[in-house]
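Hi everyone, thanks for coming. I have one structure for you today, so let's put it up on the screen.

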Amino acid sequence: MGTSDRIVEAAQGILVAEGSAAVTMRRVADVVGVTAMAIYKHFANREALLEAVAQRTFGELAATWGARVPEGDWDDRAFGLMGDFLDFALGTPHLYAFLMTERREQARQFPEGFQGGGSPAFSPVVELIAEGMRLGLLRQDDPLEVTLVITSSTQGLVQLYLGGRIALSETEFRALCTRTIRRILHGIQA
């Protein structure tokens, strides 16, 4: 593993454990075993390093998204994707917040950044929604916007849960998410 990769891995580790505010050039340098100034040979600034962490994480998510239920009926795959998302959001809440809710200069913006496979995490859901429309399971509509409705609902629930506003166990919370998405899907079924 090259120095740049080691730097990104160290920054990602700090971020996962403590949040993005804890990622400093000096802290990352200490973990990697280089000077803080050496990091600037690889990354222009902290924001560039954090963007590299974001890109690495999105790549990792893209490689595993949908692995829970890679085949099978449409409904099983849809809820498998939701389970993958909840595993990520609840398992690494600091990383989730960094990618999904913190303001980042290079973050994708809807709709342009999410069209045509622009988002490794969002695109599999768009593809599944489009498939559901082709199969006649869902009403014809804009797959990108329908995906936004579904994912925003789950993300909103995650924000409330992580913020301590939903007093359920994780198992109960996951069941709430499933019921919520079922209600939404019931409303857009063909």
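I'll start with the whole protein, then go to one helix, and finish with a single side chain.

Before anything else, please keep in mind that this is a predicted model. What is the chain built from? The secondary structure comes to 9 helices and 0 strands, so if you read the elements from the N terminus on, you just say alpha nine times, α-α-α-α-α-α-α-α-α.

For a sense of scale, the C-alpha atoms fill a box of roughly 60 × 40 × 30 Å along the principal axes. The protein has 190 residues, and 43% of them count as buried. Take the contacts between residues at least 6 apart in sequence: 60% of those join residues at least 24 apart.

Now the outside. The accessible surface comes to about 10200 Å², and 52% of that belongs to carbon and sulfur atoms. As for charge, there are 18 positive and 23 negative ones, and their mean positions are 5 Å apart.

Let's move to helix H2, which covers residues 25–32. Which residues of H2 are buried? They are Met25, Val28, Ala29 and Val32. If you look down the axis of H2, these buried residues fall within an arc of 100°, so they line one face of the helix. On the other side of H2, you'll find Arg26, Asp30 and Val31 exposed.

And what covers the buried residues of H2? The cover includes H1, helix H3 at 36–39, and helix H4 at 46–64. One backbone detail for those of you who like them: just after H2, Gly33 takes a positive phi of about 90°.

That brings me to my single side chain, Gln12. You'll find Gln12 in helix H1, residues 3–18. Is Gln12 buried or exposed? Gln12 counts as buried, because its relative accessibility is 9% and the cut-off for buried is under 20%.

So who are the partners of this glutamine? The side chain of Gln12 makes a polar contact of 2.9 Å with the side chain of Arg56. There is also a polar contact of 2.9 Å between the side chains of Gln12 and Thr57. Leaving out residues up to four places away in sequence, Gln12 touches Val53, Arg56, Thr57, Glu60 and Leu95.

To recap, we have a predicted model with 9 helices and 0 strands, a helix H2 whose buried residues line one face, and a buried Gln12 in polar contact with Arg56 and Thr57. Thanks, and I'm happy to turn the model around for anyone who wants another look.

Notes
Residues numbered from 1 in each chain as written. Predicted model: local features only at pLDDT ≥ 70, side-chain atom pairs only at ≥ 80, totals over all residues. Heavy atoms only, no water. Helix = DSSP H or I, 4+ residues; strand = E, 2+ residues; numbered from the N terminus. Buried < 20%, exposed > 50% of the residue type's maximum accessible area, 1.4 Å probe, protein only. Polar contact = N/O pair within 3.5 Å; in protein donor to acceptor, adjacent residues only side chain to side chain. Contact = heavy atoms within 4.5 Å. Arc of directions from axis to C-beta. Areas by Shrake-Rupley, 256 points an atom, 1.4 Å probe, with all protein chains shown as cover. Lys, Arg positive; Asp, Glu negative; His and termini not counted. Charge placed at Lys NZ, Arg CZ, Asp CG, Glu CD.
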